[in-house]
Amino acid sequence: MEQLSLFDNQNLSVPLASRMRPDSLDEFAGQKHLVGPGCILRQLIEKDQLSSMIFWGPPGVGKTTLARIIAARTRAEYVNFSAVTSGIREIKEVMARAEQSRRSGVRTLVFIDEIHRFNKAQQDAFLPYVEKGSIILIGATTENPSFEINSALLSRCRVFVLKALEEEDLQELLERALRSPKGFGSQNVQITREQIRIIARFANGDARTALNTLEMAVLNGEPGPGTITVTKEDLLQCTSRRLLLYDKNGEEHYNLISALHKSMRNSDPDAAVYWLTRMLQGGEDPLYIARRLIRFASEDVGMADSRALQVAVAAYQACHFNGMPECDVNLTHAVVYLSMAPKSNALYTACEEAKKEVRQAPAEPVPLQIRNAPTSLMRELHYGEGYEYAHSTDEKLTSMKCLPDSLEGHIFYRPTDQGEETQIRKRLEEIKAWKEQQG
């Protein structure tokens with residue numbers, strides 16, 4: 001927990017991203033849907049009519065900066081919490097001071113960075129003070145608040161979604177840093193607009209990454225008489241590897257696997273390969289992806305092409321044998337095969353319908369004719385009586401009923417007309433027609 005002044009002197013020993021932190025909404029980059037002229041959050045800030053809120057968005061889009069701007073504009077004391085270092089005792093101490101301030105007519109604005117890291121007890125500690133209005137709570141999170149923030153606390157906060165910055169916003173931010181006295185305005189930095197565009201694209205919507213990359217490029221630039229020149233080689237070293245936003249335990253994990261699954265289902269191999277690569281480059285376990293492909297092979301392809309399951313299992317084995325990075329092409333092989341395979345969800349539908357029936361209906365006894373009878377007692381109880389052995393017939397079929405009486409005639413598996421399942425459907429129709437004739 002830290003009590004901050006918003007007007008500390010900036011100096012060049014401070015990282016560029018901190019020096020360039022805007023002091024007003026007019027300097028704030030991006031989020032025009034929230035803080036543009038006439039937009040709701042800007043009006044709330046300018047009219048000082050704030051209530052507790054949650055800022056949800058990826059790193060480097062201005063969540064902390066926006067909270068600081070709000071603190072500077074509003075007539076309230078400002079307290080900054082870190083969910084990583086603050087405990088229950090510190091929370092209660094600050095809340096007690098906030099309650100005293102409220103009685104004196106002074107509001108307290110509490111900013112919590114990474115609020116999703118607070119456990120339930122810590123989040124609950126804020127709840128009564130938010131309800132009474134003792135504090136204005138602003139929480140920042142990169143995780144979906146629906147999953148990470150207690151419903152009682154979330155219901156008392158407005159959620160504002162901050163988006164990754166557009167490339168144009170980042171270019172404007174970088175150019176401002178080059179002009180501003182707080183940035184490199186006092187130095188003659190030689191950098192082309194194309195190089196600025198490359199940095200903006202590399203930053204992938206993250207203002208902090210953009211400014212850090214610019215700072216690295218300038219500090220490693222070639223000095224000349226009164227100038228610093230950013231060369232192509234310098235910039236290439238600073239942008240050699242993009243760190244993709246990917247939390248293997250967070251929402252983005254599920255977003256990307258959903259994108260991969262739905263791209264394959266939509267028979268779009270290009271999109272599927274792209275999302276696969278995003279996951280692998282973000283550090284995902286290739287065996288996790290391979291397990292999902294095995295599921296997909298039966299859920300979305302099924303009997304339309306039963307080889308799909310073989311390909312998916314083979315990809316899993318290849319990942320196990322090879323590991324990364326060699327297994328990336330094995331996964332690509334499977335992903336493209338599954339994308340191009342004919343699609344049928346008939347197996348998935350049959351499975352789900354059967355589960356629903358099992359959950360809702362009474363547990364039906366196994367019909368006597370298909371029970372095993374290994375003992376004389378079981379035979380005396382008519383176990384196995386009436387069993388018909390299909391292999392003893394020319395058709396390899398019998399008219400024996402295998403479902404319980406209450407489910408007689410119930411259909412779970414409905415083959416489609418996709419791929420090889422067309423032949424399966426034809427065969428099933430022939431079987432049913434034969435059994436009706438026998439009945």
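**Exercise 1. In which loop is Glu114 found?**

Solution. The model is a predicted one, in which local features need pLDDT of at least 70 and side-chain atom pairs count only at pLDDT 80 or more, while totals for chains, interfaces and linings use all residues. Residues are numbered from 1 along each chain as its sequence is written, and side-chain values use heavy atoms, with hydrogens and water left out. Begin with the elements on either side: Glu114 sits in the loop between β4 (107-113) and α6 (120-132), where helices (H or I, at least four residues) and strands (E, at least two) are DSSP runs numbered from the N terminus. Then take the backbone: phi of Glu114 is near 55°, a positive value in a residue other than glycine. Most residues other than glycine have a negative phi, and most peptide bonds are trans.

**Exercise 2. Locate Pro325 and describe the peptide bond that leads to this residue.**

Solution. Pro325 belongs to the loop between α16 and α17 (328-340). The bond from Met324 to Pro325 is cis, with omega near 5°.

**Exercise 3. Work out how α15 and α16 are oriented towards each other.**

Solution. Helix α15 (residues 286-301) packs on helix α16 (residues 307-322) at an angle of about 175°, and their axes are 8 Å apart. Axes are lines fitted to C-alpha atoms, for helices over the stretch in contact, and angles run from 0 to 180 degrees between N-to-C directions. Angles under 35 degrees count as roughly parallel, over 145 as roughly antiparallel, 65 to 115 as roughly perpendicular and the rest as oblique, and α15 and α16 are therefore roughly antiparallel.

**Exercise 4. Give the order of the strands β7, β8 and β9 in their sheet and identify its edges.**

Solution. The three strands form an open sheet in the order β7-β9-β8, with mixed pairing, where two strands pair if DSSP finds at least two bridges between them. The edge strands, each pairing on one side only, are β7 (189-190) and β8 (222-224). Finally, three bridges join β8 to β9 (residues 227-229), and these two run antiparallel; Pro223 stands opposite Ile228 in β9.
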